[in-house]
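Here is a short briefing on one protein structure. Look at the aromatic rings first, then at two of the helices.

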Amino acid sequence: MEGQALTDALDGLRQEVRQWLADHAPQGWRERSSSEAAFLQIQRDWFAKLVEGGYAVPHWPAQWPGGGRSLAEQKILYEELARADTPRLLLSFMSTYHAACTLFEWASEEQQALLIPRILAGEIWCQGFSEPNAGSDLANVRTRAERVGDHYVVNGQKLWSTMGQFADKCLLLVRTSQDGPKQAGLTYLLLDLKAPGVTARPIHQIHGDEEFAELFLDNVEIPVADRLGAEGQGWAVAQSTLSSERGLTLLELSARLRGALWRLADLVRAQGREDDSGIVRDFGRLSAKVDASCAVADQFLANRIAGIERVGDASIVKLSYSRTLREFTSLGIRLGGIDAQYHSPITFGGGMETGNWMADFMNSYAWTIAGGSDEVQRNIIAERLVGMPREPKSWTLKEGAA
């Protein structure tokens, strides 16, 4: 399909999605999402409704319900979800992206037939990679798995597991050997978080949320049948998880940021700052940066569709969004004054632009770290796109240097 026919088809899809959302998008979910229990119920109900409508997993292969959508179709879907201000699917994100994409590439037909339908039915997955001494240096994983007959006995600790306290299953990276390079001794297992010996402990964050958990594994038995790839092949499987397509997440987030500019405009009016030239100037500059962030995301998608995406292009999108989000929330807390700095209930499941300015401002810092810090993104852009020399792998400070 090309030319006008493609344009007409995409326009038809946009109208279809927009009408479906007008009929099915949850109402008043922000006001109801001030408690963890309400957040969980709203997330589960909304995901189930999207599955029923065929809009939950457009990035999956076509043989699965709702899958097989082109990138252009996915773009329309996520733009309309942002436009309708629907809840972001935080609870099921790991399940539908990291878990599913890894299973599609590495799981046997029997494993896929068992596990993929459970994800569509609402089973929640988390990721068990990071540890206290294995964050950026993932190859340093120390959680130990010893094979005993037809199962592994696992002991260790995992950290920063997103939604781990609510999850049913876990993508688990463990060490099965100390021989050779660190990467060679890793194995990839699928952990049932209801198994004896598993303890999930939520991590309380500065802004009051508990988005992450740490997992403690004490003689946990995992069947060998729940392994992906061969023993010692965990590093390769983990790379598939880490590079799994995140769909158009940053495009959706940029669109949500544009859609939330009214919060700042309302605050300007409420504070009587319409004639404050400094505020008007900064709001105008921010509006332009939000538009630019959306344009950068659009260009990235266009390059991917055209097959001309470069290594490092995604880093530009990530860096643009994280910096714009920081400025957005900073202006909000500046406009809100002392009132904006008081503690108020968090909107669980919202974006990073809820209007709870102190929580939004603190949460914005997470996006300059998550998915690769701003410094890492700049290094990638400098080395891969600009062609600057790579940093040396090791260096020593010369004697007498300050």
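The structure holds 11 aromatic pairs (rings of Phe, Tyr and Trp, the last by its six-membered ring, with centres within 6.5 Å; planes under 30 degrees apart count as stacked, over 60 as edge-to-face and the rest as tilted). This is a predicted model: local features need pLDDT of at least 70 and side-chain atom pairs count only at pLDDT 80 or more, while totals for chains, interfaces and linings use all residues. Residues are numbered from 1 along each chain as its sequence is written, and side-chain values use heavy atoms, with hydrogens and water left out.

**Aromatic rings**
- Trp 20 and Tyr 55 form an edge-to-face pair, 5.1 Å centre to centre with 70° between the planes.
- Trp 20 is in helix α1 (helices are DSSP runs of H or I, at least four residues, numbered from the N terminus) and Tyr 55 is in the loop between α3 and α4, 35 residues apart.
- Trp 20 and Tyr 55 are both buried (under 20% relative accessible area, 1.4 Å probe, protein chains only).
- The rings of Trp 60 and Phe 104 are also edge-to-face, with centres 5.4 Å apart and planes at 85°.
- Trp 20, Trp 46 and Tyr 55 form one aromatic cluster.

**Helix α4**
- The buried residues of α4 include Ile 76, Leu 77 and Tyr 78.
- Just after α4, Asp 85 takes a positive phi of about 55°.

**Helix α8**
- In α8, 8 of the 11 residues are buried, so this helix is largely enclosed by the rest of the structure.
- Among the buried residues of α8 are Thr 249, Glu 252 and Arg 256.

Notes:
Buried < 20%, exposed > 50% of the residue type's maximum accessible area, 1.4 Å probe, protein only. Helix = DSSP H or I, 4+ residues; strand = E, 2+ residues; numbered from the N terminus.
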